Amino acid sequence: MSANNAFHIAVLAGDGIGPEVMAPAIEVLRKVEQKSGLSFRFTEAPAGANNYLATGKSMPDSTIKLCEEADAILLGACGLPSVRYPDNTEIAPQIELRFIFDLYAGVRPARLIPGVPSPIVGADQRGIDLVVIRESTEGLFASMGKGVVTHEDARETMVITRKTSERLFEFSFRLAERRKARGKPGALTCVDKANVFKAFAFFRGIFDEIAKKHPEVKTDRLYVDACSAMLVKRPWDFDVMVMENMFGDIVSDITASLIGGLGMAPSADIGDKYAVFQPCHGTAPDIMGQGKANPTGMILSAAMMLDWLADKHGVESAAEAGETIERAVDKIYAAGIKPMEFGGSNGTADIAKAVLGAL
């Protein structure tokens, strides 16, 4: 086996249901390993609210060092509503990692899997297959921990820079091009509020500049309010969308709800060198330890990791392995698997067993 096919994965299971959904994802990767010629070395490390309670830090330095040395980072879910910093914000290593490793592109796919219910009429016939790209280090989140609060008012500052916007748009156009090569529309929409805020007009202007370098990609520009209205009426009209951090935070939750909810939604935060892969859902402490958690989002995040590793290292077998996982997930839902959030009886173990069987 080539050393180029061996990958070291940092595993941050986190809090709540994080460890419960991480375990099946690792099992799936182990199963893929047997058939693909790939090799994985998993190293677990602490992060999250429980680590903060024990040590006063969201992550030890050893966790950050591990993430720096690993080929990719798998993250379960971090934070608990009852555990907060002195300023009353939640413990959020997933956000801190974006700043530490400059993970500027938050990739949030939303694909309606056969057999999964959508609240959108006609979605089962028309399909939903889109990607939200959320800038993940600037925007309104650049003010995290820096806001000013007085007795009279509270102020946060939004930051949009040319350097990050250019990288974000180049990433977005490349993704649209890759999707077009795989038979998707390959269209890119810039979502903003350029009619009201100078910062968003600046953002859109940079998008227009980068668009000239990619004439083969069809482009559009939409205000975020109009975009949100269109998403809940005709989501099949969208392919790839790129937007500021806070808008992406909100819109990606909308798109996840169109494909069955956060339990079905994978995600990645990607930079020039590092990447973190995690489900869109939170730690769900209300169902922790009950075997109810849906591991699908975590499993599909692992598939996204394989596709990224393939693109980064030129290992085509990793991309094929990621597609194999997606096909297995499609197969079990088409065959009738029904997670508890859909009113079904299938919990974590059932879903994991079915995916492993489909592989």
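A salt bridge is here a side-chain nitrogen of Lys or Arg within 4 Å of a carboxyl oxygen of Asp or Glu. By that yardstick, Asp249 and Arg134 make the cut in this predicted model, with their closest N and O atoms 3.5 Å apart. Asp249 sits in helix H9 (residues 245-258) and Arg134 in strand E5 (residues 129-135), so this pair ties together parts of the chain that are 115 residues apart in sequence. The two partners are not equally covered: Arg134 has a relative accessibility of 4% and counts as buried, while Asp249, at 26%, counts as partly exposed. The cut-off for buried is under 20% relative accessible area, which is why the arginine falls on one side of it and the aspartate on the other.

Stepping back to the whole chain, the protein has twelve helices and twelve strands. Its C-alpha trace spans about 50 × 50 × 45 Å along the principal axes. For 359 residues, a compact globule would be expected to have a radius of gyration near 21 Å, and the 20 Å found for the protein agrees with that. As for burial, 53% of the 359 residues count as buried.

Back to the charges. Side chains of opposite charge can pair when their charged atoms come close. A search of the whole structure turns up 24 salt bridges, one of them between Arg167 and Asp102, whose closest N and O atoms are 2.9 Å apart. This is another link between distant parts of the chain, with Arg167 in helix H6 and Asp102 in the loop between helix H4 (93-100) and strand E4 (105-111), 65 residues apart. Arg167 has a relative accessible area of 17%, so it counts as buried. Asp102, at 30% relative accessibility, is partly exposed.

Asp102 also stands out for its backbone. Most residues other than glycine have a negative phi. The phi of Asp102, however, is near 55°, a positive value in a residue that is not glycine. Asn88 does something similar, with a positive phi of about 80° although it is not a glycine either. Asn88 is placed in the loop between strand E3 (72-77) and H4, and Asp102 in the loop between H4 and E4. Asn88 has 52% relative accessibility and therefore counts as exposed, whereas the 30% of Asp102 puts that residue in the partly exposed class.

Then there is the pair of Arg234 and Asp237, whose side chains meet in a salt bridge at 2.7 Å, N to O. Neither end of this one is buried: Arg234 is partly exposed with a relative accessible area of 38%, and Asp237 is partly exposed as well, at 45%. Salt bridges also turn up as a network, in which Asp129, Arg179, Lys184 and Asp239 are linked.

Charges without such a partner deserve a look too. Glu316, Glu320, Glu323 and Glu326 together form a negative surface patch. Glu326 is placed in helix H11 (residues 316-334). With 32% relative accessibility, Glu326 counts as partly exposed. Residues of a patch need over 30% relative accessible area, so Glu326 clears that bar. They must also have no salt bridge.

Two further residues show how parts separated in sequence are placed in space. Ile160 is found in the loop between strand E7 (154-155) and helix H6 (162-181). At 15% relative accessibility, Ile160 falls under the 20% cut-off and so counts as buried. The C-alpha atoms of Ile160 and Phe200 are separated by 8.2 Å, with their positions 40 residues apart along the chain. The other case is Asp225, in helix H8 (residues 224-231). Asp225 has a relative accessible area of 44%, which makes it partly exposed. From Asp225 to Val251 the C-alpha distance is 9.9 Å, and the two are 26 residues apart in sequence.

Key. Residues are numbered from 1 along each chain as its sequence is written. This is a predicted model: local features need pLDDT of at least 70, side-chain atom pairs count only at pLDDT 80 or more; totals for chains, interfaces and linings use all residues. Side-chain values use heavy atoms; hydrogens and water are left out. Patches are made of residues with over 30% relative accessible area and no salt bridge: like charges are joined within 9 Å, nonpolar side chains (Val, Leu, Ile, Met, Phe, Trp, Tyr) within 5 Å. Accessible areas come from the Shrake-Rupley method with a 1.4 Å probe; for residues, only the protein chains shown count as cover. Lys and Arg count as positive and Asp and Glu as negative; His and the chain ends are not counted. The place of a charge is taken as NZ of Lys, CZ of Arg, CG of Asp or CD of Glu. Helices (H or I, at least four residues) and strands (E, at least two) are DSSP runs, numbered from the N terminus. Buried means under 20% relative accessible area, exposed over 50%, partly exposed in between (1.4 Å probe, protein chains only). The radius of gyration is taken over C-alpha atoms; the globule rule is 2.2 Å times the number of residues to the power 0.38.
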